[in-house]
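Hi everyone, thanks for having me. Today I'd like to walk you through one protein, starting with the whole and then going into one part of it.

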Amino acid sequence: TQQHLGRVAHSLQHFPDVSLYTVPCLQVNSPAELQEVIEKVDFPAVMKLEYGEGGLGVKMVENPQQCEEFYDSIKQQKDLFSLGITPEVMLMEYVGGEKHVVDLIIFSGKLLAAFVSDYGPSGSHYFLNLSHIMPSKLCPEKVNQLVTAAYQSCIYCGLKNGVFNVDLKMTETGPKLLEINPRTGGIYMPAWVKAVYGFDLILVSFLIACDIRPHAWTPEPRGHIAGLSTPMTQYLHALENPSFTATLKHLEANRIIHSIILRDGSSKFGFEVVSLNLSSFSHS
């Protein structure tokens, strides 16, 4: 995706050059190729699986040695590949700034709606998504920059019909593309969009797949949602407290929070993963 967008010679009229959103990123297909890629990417860098979810298998590497060690550890993750995640790996230059997500509804190349949300700090070298809020708290100008970057990136990748989930960072020089997911946002995102904006992204995806234009736009939010996710180690530690599960059920029964168990600890990975997500919705 990054390499393709970097080669785009002309962007939409009156829009920024789409190559401005790209970050140097190269695929690694073998240990020998890893050595070649290391020489072409500045450190610190981010090593990540080409196909994954929820930050699984994503880590900052400070130098070539860490890069080689994490590459070897990924290749040994049998539990990871048993989930259907393939072992293709990419090395991307690290970009600073705050991470944001844009969920887009596009039909026949036209942007119908965009929903922007903010991630908090990852808190580790594994880029775990530990906190999230919707809608975005950025100023309208920066929200529009993110939407423009996400929309242009999708269009120039041929994604002209569907619901798309785009991860970006807002840097000192503007938005930078991290990845495009050609689907709705995972886990809790469809439920969040429905709660805050009233749109059912699953239904919208179905209508577009049937070549039916959905009646969609970006309305004023009804309220806001804040969510926290816990690393597996913290979740397993919390389960040792007999009152933890009962307290969680009580909060859910009173509609104070909503919880989702992402992983129960049965799969063993060689790196930290997110296990439990808690979220709360407040009306405006």
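**The whole protein, then one sheet**

Let's begin at the surface: the protein exposes about 14,500 Å², and carbon and sulfur atoms supply 54% of that area. Please keep in mind that what you see is a predicted model.

How much of the protein is buried? Of its 284 residues, 47% are buried. As for the building blocks, there are 9 helices and 12 strands in the protein. Now look at contacts between residues at least 6 apart in sequence: 66% of them join residues at least 24 apart.

Let's go on to one sheet. Here, 4 strands form an open sheet, and reading across it you meet β1, β4, β2 and β3 in that order, with antiparallel pairing. Which strands stand at the edges? They are β1, residues 25–28, and β3, residues 58–61. Each has a single partner strand, so one side of each is left without a neighbour in the sheet. On average, neighbouring strands of this sheet are turned by 25 degrees against each other, direction ignored.

Next, follow one pair of strands with me. Strand β2, which covers residues 45–49, runs antiparallel to β3, and 4 bridges join the two. If you'd like a spot to find on your screen, try Val46, which stands opposite Met60 in β3.

Finally, what packs on the sheet? That is helix α2, made of residues 31–38. Helix α2 touches β1, β2 and β4, the last being residues 89–93. The direction of α2 makes about 165 degrees with that of β1.

Thanks for listening!

How values were computed: Residues numbered from 1 in each chain as written. Predicted model: local features only at pLDDT ≥ 70, side-chain atom pairs only at ≥ 80, totals over all residues. Heavy atoms only, no water. Pairing = 2+ DSSP bridges. Axes fitted to C-alpha atoms, helices over the stretch in contact; angles between N-to-C directions. Contact = heavy atoms within 4.5 Å. Buried < 20%, exposed > 50% of the residue type's maximum accessible area, 1.4 Å probe, protein only. Areas by Shrake-Rupley, 256 points an atom, 1.4 Å probe, with all protein chains shown as cover.
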